[in-house]
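Student: Could you take me through the nonpolar core of this one up close? I'd like to see who packs against whom.

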Amino acid sequence: MLSNLKAALAARRKRQADLAFALKILPGVLSEVINERREAPPALRHKIARALRADEDWLFRKEIPIPALRPYRNTPVTQ
């Protein structure tokens, strides 16, 4: 699932390592936050949002993944 945080990084053409350096945190910590393996404390969430110039609530919103589409079968409809 592409999170809003990943989308914001891509849209701004920022690398995770560069953002981690700017935030003065370890790149591994940021990676765990981005990949939802670690919950970011409120202070870090605020710093990330400020660095990316994005809404904090939007960045960390958990989106529902879009289910995979079923293959289309060209079958006639019978009545």
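**A look inside the core**

Tutor: Sure. In this predicted model, the largest nonpolar core has 17 residues, and the ones touching the most other members are Leu 5, Leu 19, Val 33, Ile 48, Leu 52, Leu 59 and Phe 60. Four helices each put two or more residues into this core: α1 (4-11), α2 (16-23), α3 (27-34) and α4 (42-52). Of these, α4 gives the most, with four residues.

Let's zoom in on Leu 19. Setting aside residues up to four places away in sequence, Leu 19 touches Leu 9, Leu 30, Ile 48, Ala 51 and Leu 52.

Now slide over to Gln 16, which sits in helix α2. Gln 16 has a relative accessible area of 31%, so it counts as partly exposed, given that buried means under 20% and exposed over 50%. Beyond its neighbours within four places in sequence, Gln 16 is in contact with Leu 9, Leu 30, Ser 31 and Ile 34. As for the backbone, the C-alpha atoms of Gln 16 and Gly 28 are 9.3 Å apart, with the two residues twelve apart along the chain.

That brings us to α3. Here Val 29, Leu 30, Ser 31, Val 33 and Ile 34 are buried, and the elements covering the buried residues of α3 include α1, α2 and α4. Have a look just past the end of α3, too: Glu 36 there takes a positive phi of about 60°.

Definitions and conventions
Residues are numbered from 1 along each chain as its sequence is written. This is a predicted model: local features need pLDDT of at least 70, side-chain atom pairs count only at pLDDT 80 or more; totals for chains, interfaces and linings use all residues. Side-chain values use heavy atoms; hydrogens and water are left out. A nonpolar core is a set of buried Ala, Val, Leu, Ile, Met, Phe, Trp, Tyr and Cys residues joined through side-chain atoms within 4.5 Å. Buried means under 20% relative accessible area, exposed over 50%, partly exposed in between (1.4 Å probe, protein chains only). Contact means heavy atoms within 4.5 Å.
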